[in-house]
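Here is a short report on one protein chain. Look at the overall fold before turning to one helix pair.

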Amino acid sequence: MKGNIIKYAQDNIDTDVIIPGQYLKVHDYAELATHAMEGLDPDFHSKVKEGDFILSGKNFGCGSSREHAPIALSHSGIKAVLALSFARIFYRNAVDGAFLLPIEIEQDAYDGIAEGDEVEINLSANEIKNITKNQTYTMKPFSEIIGKIIAAGGLFKYKPDQD
């Protein structure tokens, strides 16, 4: 999959800025998406395009366990978040609901990929290619069970007896 990078060069982006609390009663995902990242970047909605990726530092998605965070991001057009690490609850909400891919990257990828760069993610090779700069980085592979859940399209579609 290919997309452009929206980079937030910071750690600990929490669910309260990904989707502020006052929108947690919104049940229309399209409406929820219009408020994604509003607590950190009020212009996010105007710059995100379908298929884009977020790039961030450590502990992305920390804070509350609200599944609204990956839902809002995915319905705004984000297909993956590339980060140095994730809060486990955000990671599992993203995977289990098949909302977006939480991709753990190394420091060289974080440092080498810039705002607006076009990248291509190859899950089978565990590689991220920065098309803009013609550079390739490795990504942390998904565990076997997470890979199976992703391939199935989320936890509710995963059937362990069919492995």
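A residue counts as buried when its relative accessible area is under 20%. By that cut-off, 45% of the 163 residues of the chain are buried. The model is predicted.

**Overall fold**

The chain holds 7 helices and 7 strands. Their order along the sequence is β-α-α-α-β-α-β-α-β-α-β-β-β-α. Among contacts with a separation of 6 or more, 63% join residues 24 or more positions apart.

How does the radius of gyration of the chain agree with that of a compact globule? A compact globule of 163 residues would have a value near 15 Å, and the chain has 15 Å, so the two agree. The surface that the chain exposes is about 7900 Å². Carbon and sulfur atoms supply 49% of that area.

| Property of the chain | Value |
|---|---|
| Radius of gyration | 15 Å |
| C-alpha box along the principal axes | roughly 40 × 40 × 25 Å |
| Exposed area | about 7900 Å² |

**Helices α5 and α7**

Two packed helices are described by the angle between their axes and the distance between the axes. Helix α5 spans residues 88-96, and helix α7 spans residues 144-152. Their axes come within 9 Å. The crossing angle is roughly 40 degrees. Angles under 35 degrees would count as roughly parallel, and 65 to 115 as roughly perpendicular. α5 and α7 are therefore oblique to each other.

Which residues make the contact? Helix α5 contributes Y91, R92, V95 and D96. Helix α7 contributes I146, I149 and I150. By class, the contact of α5 with α7 has 5 nonpolar residues, 2 charged residues and no polar ones.

Terms used:
Residues numbered from 1 in each chain as written. Predicted model: local features only at pLDDT ≥ 70, side-chain atom pairs only at ≥ 80, totals over all residues. Heavy atoms only, no water. Axes fitted to C-alpha atoms, helices over the stretch in contact; angles between N-to-C directions. Helix = DSSP H or I, 4+ residues; strand = E, 2+ residues; numbered from the N terminus. Parallel < 35°, antiparallel > 145°, perpendicular 65-115°, else oblique. Contact = heavy atoms within 4.5 Å. Nonpolar A, V, L, I, M, F, W, Y, C, P; charged D, E, K, R; others polar. Rg over C-alpha atoms; globule rule 2.2 N^0.38 Å. Buried < 20%, exposed > 50% of the residue type's maximum accessible area, 1.4 Å probe, protein only. Areas by Shrake-Rupley, 256 points an atom, 1.4 Å probe, with all protein chains shown as cover.
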